[in-house]
Amino acid sequence: MTTVTESEVLRDALGLLRDREQVAERLLESSAKHSFDPDKELDWDAPLEDGKWFWPPELLSLYDTPLWRRMSEDQRMELARHEAASLASLGIWFEIILMQLLVRHIYDKSVTSNHVRYALTEIADECRHSMMFARMIKKGGAPTYPVPRIYHNLARVLKTVSTTPGSFAATLLGEEILDWMQRLTFPDDRVQTIVRGVTRIHVVEEARHVRYAREELRRQMISAPRWERELTRLSCGEAARVFATCFVNPKVYENVGLDRREAVAQVKASGHRREVMQSGAGRLTEFLDDIGILNGVSRRLWKSSGLLA
């Protein structure tokens, strides 16, 4: 396949790609207008509110299962507190990986370009997000929930060997499903004010990150050699499987007094949970399909993850 130069017009199934520098310039303008310091923006000293959830009940993994129907309201709310901590822990893990992938991406690029300048801006955003999520976990009083050791160590390999399109595909996987859930969370007045504030900040700033990653992934899937595009399809499908597996740490169920095996089995059998996860991944899988990533083995892996019908 012929390598495409930066000056050539690039087009895919979604149409003409915008100039990389122009995209970055607009994202930088948006960052200047709509960036937040969570330490100052949110009232961390305010007490938690009685009777409010840490996560919308409909988005909890056990919602509408037989086990859920046997749980008391207090136990359901305790589950929400721990699942929110589990999701925040997962988010921090992904963001630390993303920051390292972004640094690798810009290492050989012009340090004076808008593209690199925006990547550095996004890294600064992700630093604040990770600290914000950690502070939210501590505020809620739940423990942190690290991913299983095998995936923690596999991520070390990913951060070292991931191709550029593979990095941006993984970035979107880690951002878009959580973003979909957070868009339902921050306007929900049943949810703790501090959680709503955290999710609002994250949604506003992540919208730019998604745009940056989508534009770059489209560019890479046109210009990358065939072997790299095939590897991206495979790695993206495997990342979807890992993400779905790690989405809620099973220790959450033990910590709220439930039988771990029974809870995990009911989550796997839950039609509601399957619908929530597939809805959360819907915009992403449509995009990946349009740019040619959900082909062959990749589609089978995505289906096995439960994120694609």
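Is E78 buried, partly exposed or exposed? E78 comes out as partly exposed, because its relative accessible area is 26% (buried means under 20% relative accessible area, exposed over 50%, and partly exposed in between, with a 1.4 Å probe and protein chains only). The model behind this value is predicted, so local features need a pLDDT of at least 70 and side-chain atom pairs count only at pLDDT 80 or more, while totals for chains, interfaces and linings use all residues. Residue numbers run from 1 along each chain as its sequence is written, and side-chain values use heavy atoms, with hydrogens and water left out.

E78 has a salt-bridge partner in R81, with 2.5 Å from N to O (a salt bridge is a side-chain nitrogen of Lys or Arg within 4 Å of a carboxyl oxygen of Asp or Glu). R81 and E78 sit three residues apart in helix α4, which means about one helical turn separates them (helices are DSSP runs of H or I with at least four residues, strands are runs of E with at least two, and both are numbered from the N terminus). Unlike partly exposed E78, R81 is buried, at 18% relative accessible area.

The whole structure holds 25 salt bridges. Another of these joins K52 to E49 at 3.7 Å, N to O; K52 is partly exposed at 24%, and E49 is also partly exposed, at 27%. A third pair, E205 and R128, meets at 3.4 Å, N to O. Here E205 belongs to helix α8 and R128 to helix α5, so the bridge ties together parts that are 77 residues apart in sequence. E205 is buried, with a relative accessible area of 0%, whereas R128 is partly exposed at 22%. There is also a network: D12, R211, E215 and R218 are linked through salt bridges that share partners.

Turning to the interior, the search gave four cavities of 30 Å³ or more, and the largest has a volume of about 100 Å³. (On a 1 Å grid over the protein atoms alone, a cavity is a set of points where a 1.4 Å probe fits but cannot get out, and lining residues have an atom within 4 Å of a point; points are joined across faces, edges and corners, and the volume is the space filled by probe spheres set on them.) Helices α4 (73–106), α5 (114–140), α7 (164–185) and α8 (193–223) each bring at least two residues to the lining of this largest cavity. The top contributor is α4, with four residues. Lining residues include W55, F133, M136 and Q182. By type, the lining splits into eight nonpolar, three polar and no charged residues (Ala, Val, Leu, Ile, Met, Phe, Trp, Tyr, Cys and Pro count as nonpolar, Asp, Glu, Lys and Arg as charged, and the others, Gly among them, as polar).

On the surface, W227, L231, L234 and V297 make up a nonpolar patch with about 390 Å² of accessible area together. (Patch residues have over 30% relative accessible area and no salt bridge, with nonpolar side chains, here Val, Leu, Ile, Met, Phe, Trp and Tyr, joined within 5 Å and like charges within 9 Å; areas come from the Shrake-Rupley method with a 1.4 Å probe, and for residues only the protein chains shown count as cover.) Helix α9 (residues 226–246) supplies the largest share of the patch, three residues. L231 is located in α9 and is partly exposed at 38%.

Two loop residues round things off. D64, in the loop between α2 (38–41) and α3 (66–70), has a positive phi near 65° despite being a residue other than glycine, and is partly exposed at 44%. N249 lies in the loop between α9 and α10 (251–255) and is buried at 16%.

Conventions. On a 1 Å grid over the protein atoms alone, a cavity is a set of points where a 1.4 Å probe fits but cannot get out, and a pocket is an open set with protein on both sides within 12 Å along at least five of seven lines; lining residues have an atom within 4 Å of a point.
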